[in-house]
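Here are some comments for a colleague who is opening this entry for the first time. Please read them with the sequence and the structure side by side.

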Amino acid sequence: MAGLASAALLARDGYDVELLEQRDALGGRAGSWERDGFRFDTGPSWYLMPEVFDHFFSLLGTSAAEQLDLARLDPGYRVFFEDHAEPVDVRADLDANVAMFESLEPGAGERLRAYLASAREAYDLAVRRFLYSSFESLTTLARPDVLGRSRRLVELLLRPLGSHVARSFADPRLRQILGYPAVFLGSSPDRAPSMYHLMSHLDLADGVLYPQGGFTTLIEAVARLAEREGAVLRTGATVTAVTTAELPARRRRGPRRAAARGARARVTGVRWRDASGAEHLSEADVVVGAADLHHLETELLPPALQTYPQRYWDRRDPGPGAVLVYLGVRGELPELAHHSLFFTADWEKNFAAIFGAETRVPDPASAYVCTPSRTNPSVAPPGHENVFVLVPVPADPGLGRGGVDGAGDPTVERVADAAIGQLAAWAGVPDLRERIVVRRTVGPGDFAADLNAWSGGALGPAHTLRQSAFLRGRNASRRVAGLYYAGSSTIPGVGLPMCLISAEIMLKRLRGDRTTEPMAVPL
């Protein structure tokens, strides 16, 4: 998504753009897989922060409403708890969610309103000052609205999200609902800063949307707009090196653009190999790396030109891995909502298994289940359901790769079997396993092999304190002038909205724009 978005914005801004995608289809993690009348989104499935999508499309002279058919989900999602028989629905209406909180814990309804008001304030500040900033100069953050909240911001950065939630809510179910957004950020409630409580207003107050046809329609829309602006999109093109030319010593010392200060070389293009094995060279004055940043830095650049060498990554957190399970199921599953969450009772044990010093696959494991056929019947044959299961596991390619019809590596298939059994038991679908007619699994080894994902991570570097905002990887090389970065490895972070913003921040940096707010529309 970040590469497509970058291509569209750069082409709109007057550049001659060539996009190189190593896979046979565009989208990266946001891919698609079809079999026997089922079509599965292979990655992102939550449409949150709709104003980010609206703003991005507005930069290109259109709108999300023109490009996508968006449906509002109600319930936004359903939550199943290991030690409670009845699930809880999070609705599309704030008042309904306030009533739900109140029903589970007296007084929690009004405390939720206060919590979400704080979340909205934090979110608005983040959009104005943090999300759209390249952090080239931290003086841009010395604004009255930031300085006036400095004490509050420090508290939110230093206090873990889980502790922040526990200050207002006692019921474990409510704590889990408010702590779960940390997982969207590749982290856990005890590791993510409580600044990220801003995420809760997105689903509890604003609601959850879904693009009819699935997230493939989003990829198609951005690709279509990129080509309309003149970008050339090539698939089956594997980049093997970023090419550079050495800068004369006097130019290294002379005044240049911020992205080139201290640079040892300038970018000249990329070498790539097509599907037939033929080698090519694409010359370029600017290269935007939207692939995994670890792969780009450690594999496509020589050591002397690496801004982020291996020793940098050795001190960083890759976030979680994941086992994905795509299931085609005979018959309907009214027990499930479009989005369903399955939370284990001992959350601390679950997260410690994934992120602790000695990692292992959690047992039992919390899981996320998406059943898009509840909203969009076109993704499954008549009388069937499309079910996508995601089980967070350690980021470790050694856990193995997946396969079709149980042909994946043993650990991956065991995780899938356990998840299917858990779904059947908790949701009350005892014959689920017998009704499965299509099955495919994906493991951390697939993320590493197919997407060059660092440590087989499913999302990107975790949003811990040391990997958030200006402490996250910057979006321009310190060693190679003209080499920029976009995507989940860099600022502002993981997720489709963040990838769209990363493309815009890249363009702002290329323009020398150090403002912290979204760009004026249209470009």
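The numbered points below take up helices, a helix pair, salt bridges, cysteines and two histidines in turn.

1. Status of the model. The coordinates are a predicted model. Every value in this note should be read with that in mind.

2. Helix α1. This helix covers residues 2–12, and nine of its eleven residues are buried, so α1 is largely enclosed by the rest of the structure. The buried residues are A2, L4, A5, S6, A7, A8, L9, L10 and A11. What do these buried residues pack against? Their partners are β1 (18–20), α2 (50–59), α12 (216–228), β8 (232–234), β12 (287–289) and α19 (496–511). After the helix comes G14, which has a positive phi, near 105 degrees.

3. The pair α2 and α19. Two of the elements that pack against the buried residues of α1 are α2 and α19, and these two helices also pack with each other. Their axes are 9 Å apart and the angle between them is about 35 degrees. The crossing of α2 past α19 is left-handed. On the α2 side the residues in contact are V52, F53, H55, F56 and L59, and on the α19 side they are L496, P497, L500, I501 and E504. Sorted by class, this contact consists of eight nonpolar residues, one polar residue and one charged residue.

4. H55. This histidine lies in helix α2 and takes part in the contact with α19. Is H55 buried or exposed? Its relative accessibility is 14%, so H55 counts as buried. Setting aside residues up to four places away in sequence, H55 touches Y132, E504, P518, M519 and V521. P318 is 263 residues from H55 along the chain, and the C-alpha atoms of the two are separated by 29 Å.

5. Salt bridges within one helix. Over the whole structure, the search finds 28 salt bridges. One of them joins the side chains of R120 and D124, with N to O at 2.8 Å. Both residues are in helix α5 (residues 108–129), and because they are four residues apart, about one helical turn separates them. R120 counts as partly exposed because its relative accessibility is 35%, and D124 is also partly exposed, at 27%.

6. A salt bridge across the sequence. E136 and R509 form a salt bridge in which the closest N and O atoms are 3.8 Å apart. E136 sits in the loop between α5 and α6 (144–147), while R509 belongs to helix α19, so the pair ties together parts that are 373 residues apart in sequence. The two ends are unlike in exposure: E136 is partly exposed at 22% relative accessibility, whereas R509 is buried, with a relative accessible area of 6%.

7. R401, D450 and a network. The side chains of R401 and D450 meet in a salt bridge, 3.2 Å from N to O. This pair links distant parts of the chain, 49 residues apart: R401 is in the loop between β16 (384–393) and α17 (410–427), and D450 is in helix α18 (residues 444–451). R401 is partly exposed at 35% relative accessibility, and D450 is partly exposed with a relative accessible area of 26%. Elsewhere, E413, D417, R433 and R439 are joined into one network by salt bridges that share partners.

8. Cysteines. How many disulfides are there? The count is zero. C370 is in no disulfide, and the nearest cysteine sulfur to it, in C499, is 18 Å away. Seen from C499, the closest cysteine sulfur is that of C370, and 18 Å is too far for a bond. C370 counts as buried because its relative accessibility is 4%, and C499 counts as buried at 11%.

9. H164. A second histidine to look at is H164, which is placed in helix α8 (residues 161–166). With a relative accessibility of 8%, H164 counts as buried. Which residues does H164 contact, leaving aside neighbours within four places in sequence? They are Y115, R152, L156, R159, S194 and H197.

Terms used. Residues numbered from 1 in each chain as written. Predicted model: local features only at pLDDT ≥ 70, side-chain atom pairs only at ≥ 80, totals over all residues. Heavy atoms only, no water. Disulfide = S-S within 2.5 Å. Buried < 20%, exposed > 50% of the residue type's maximum accessible area, 1.4 Å probe, protein only. Contact = heavy atoms within 4.5 Å. Salt bridge = Lys/Arg side-chain N within 4 Å of Asp/Glu carboxyl O. Axes fitted to C-alpha atoms, helices over the stretch in contact; angles between N-to-C directions. Left-handed = near helix turned anticlockwise from the far one by under 90°. Nonpolar A, V, L, I, M, F, W, Y, C, P; charged D, E, K, R; others polar.
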